[in-house]
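Trainee: Could you take me through the local features of a model, one at a time, with the general idea before the case?
Mentor: Gladly; let us look at the structure together and begin in a loop.

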Amino acid sequence: MAYTKPETIALHGGSHRADPTAGSVAVPIHQTTSFQFQDTGHASRLFALQELGNIYSRIMNPTCDALETRVAALEGGVAALALGSGQAASTFCVLNLCEAGDNIVSSTNIYGGTWNLFANTLKQFGIEVRFVDPADPAAFRKASDDRTRCWYGETLPNPKLEVFPIAEVAAMGREMGIPLIMDNTAAPIICKPLELGAAVVMHSTTKWIGGHGTSIGGIVIDGGNFDWEAWGDRFPTLNKPDPSYHGAVWTQAVKPLGPIAYIIRMRTCLLRDIGAPMAPFNAFMFIQGLETLPLRVERHNENAVKVAKYLAGHPKVAKVIHPSLATGEAARRAATLKGGYGSLLGFELKAGVEAGKSFIEKLKMFYHVANIGDARSLAIHPATTTHSQLSVEEQAMAGVTPGYVRLSIGIEHIDDILADLEQALA
Ligand code: PLP
């Protein structure tokens with residue numbers, strides 16, 4: 001049965017039904033490095049990709065497969081690849097399309113770690129990242145040339161929390177043969193970027209998908225909706241013979257398996273060569289989180305709207321940043337989210353930086369941590385932590401002002417959340 005509702009997909013979507021050997025309903029943890037071949041013919045067919053199956057857990061694993069197929073179903077994609085972290089996922093998204101000398105265009109409004117990867121580390125590979133403000137979707141087109149391999153954005157980037165114009169940017173890219181890759185970490189369930197025209201979606205599963213704050217992981221979902229072959233030279237990694245696979249041309253080689261050239265190439269080349277797989281135990285943990293994700297997201301989002309209203313009416317608060325309070329064009333973009341506005345929220349105290357730091361230290365229930373998307377409520381001061389490796393100019397571009405406090409609202413009872421904020425503000 002093909003399910004369409006997120007609540008059902010989260011529990012029943014993907015490849016796992018019951019374990020064929022023991023009948024386990026919960027997805028078993030296949031804690032094994034390697035898998036017994038049936039015979040030499042089977043082994044060589046697997047290596048030649050004539051048959052899909054398990055070889056070695058750096059490249060594939062049945063527990064990871066259960067997570068991958070379920071998250072792919074949830075996002076409306078055709079296939080997915082689980083990785084060791086969200087950072088590995090965003091790195092692979094770009095490396096899968098770019099060679100030295102190529103470039104990508106990225107939104108300025110992205111996670112600080114992604115910014116560092118794009119602005120500094122990718123340079124070591126000869127890949128240039130051009131940053132543009134997504135307030136003007138046309139900026140993506142203006143910054144592109146014939147070596148531009150993809151555009152990159154975040155659905156609900158903190159600290160600005162301005163929803164990315166996915167439909168507008170994706171449509172422009174499709175006219176030029178440039179795929180849009182979206183980091184949808186902060187907007188699971190309430191946004192489906194592939195339906196809006198994005199070609200690829202990634203998540204740091206560390207955040208809302210896990211929700212329990214126990215494991216680091218990432219996942220890339222192939223929308224199967226971008227015609228890589230039609231844009232020939234734009235995508236050499238997918239359309240030219242690959243010397244590392246007997247000259248296979250990925251868009252041709254995987255055609256019988258479906259529109260999965262992008263994700264198969266990521267698995268068979270990047271994961272094979274660079275590593276960074278998700279551990280089976282972590283895949284199991286993320287499946288536990290995923291199963292209640294739609295329900296948690298409802299409560300997260302409901303609580304966040306209440307906190308935004310409360311803070312907006314507080315005499316010590318200068319400014320509250322949450323999509324539910326957006327005005328003008330930002331409000332129009334926020335309205336593209338379905339069923340909520342996310343659970344990240346920012347605010348500034350009238351008394352400035354020192355008051356912001358003191359507020360965080362006075363919190364009793366909120367944890368002071370470098371994380372978001374946990375079921376527990378969390379708080380941090382981005383300028384001195386998550387965004388501290390950025391220059392002051394880069395921080396300003398990303399929307400990190402010195403007094404900004406970031407909250408990730410959890411699923412506790414709203415009365416307890418508000419009581420903790422109240423006492424810390426007092
Ligand atoms: N994308 C976003 C939006 C994030 O917030 C983070 C981490 O905070 C990442 C990617 C990187 O994920 P990870 O920490 O799992 O590597």
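Mentor: Leu161 lies in the loop between E4 and H7, where helices (H or I, at least four residues) and strands (E, at least two) are DSSP runs numbered from the N terminus. This is a predicted model, in which local features need pLDDT of at least 70 and side-chain atom pairs count only at pLDDT 80 or more, while totals for chains, interfaces and linings use all residues. Residues are numbered from 1 along each chain as its sequence is written, and side-chain values use heavy atoms, with hydrogens and water left out.

Trainee: Is Leu161 buried or exposed?
Mentor: Buried means under 20% relative accessible area, exposed over 50%, and partly exposed in between, with a 1.4 Å probe and protein chains only. Leu161 has 5% relative accessibility, so it counts as buried; its phi is near 55 degrees, a positive value in a residue other than glycine. The loop between strand E4 (148-154) and helix H7 (166-176) also holds Pro159, which a cis peptide bond with omega of about 10 degrees joins to Asn158.

Trainee: Where is His246 found, and is it buried or exposed?
Mentor: His246 is in the loop between helix H8 (236-239) and helix H9 (250-253), and it is exposed, with a relative accessible area of 82%. Phi of His246 is likewise positive, near 55 degrees.

Trainee: Which residues of helix H2 are buried?
Mentor: In H2, which spans residues 40-47, they are His42, Ala43 and Leu46. Seen down the helix axis, these buried residues fall within an arc of 100 degrees, so they line one face of H2; the arc is that of the directions from the helix axis to the C-beta atoms. At the N-terminal end, Asp39 caps H2 through a side-chain oxygen that lies 3.1 Å from the backbone nitrogen of Gly41.

Trainee: How should I read the polar contacts of the ligand?
Mentor: A polar contact is a pair of N or O atoms within 3.5 Å; within protein, one must be able to donate a hydrogen and the other to accept it, and residues adjacent in sequence count only if both atoms are side-chain atoms. Here a ligand nitrogen is 2.7 Å from an N or O atom in the side chain of Asp183, whereas a polar side-chain atom of Thr206 lies 2.6 Å from a ligand oxygen. For Lys207, a polar side-chain atom is 2.9 Å from an oxygen atom of the ligand.
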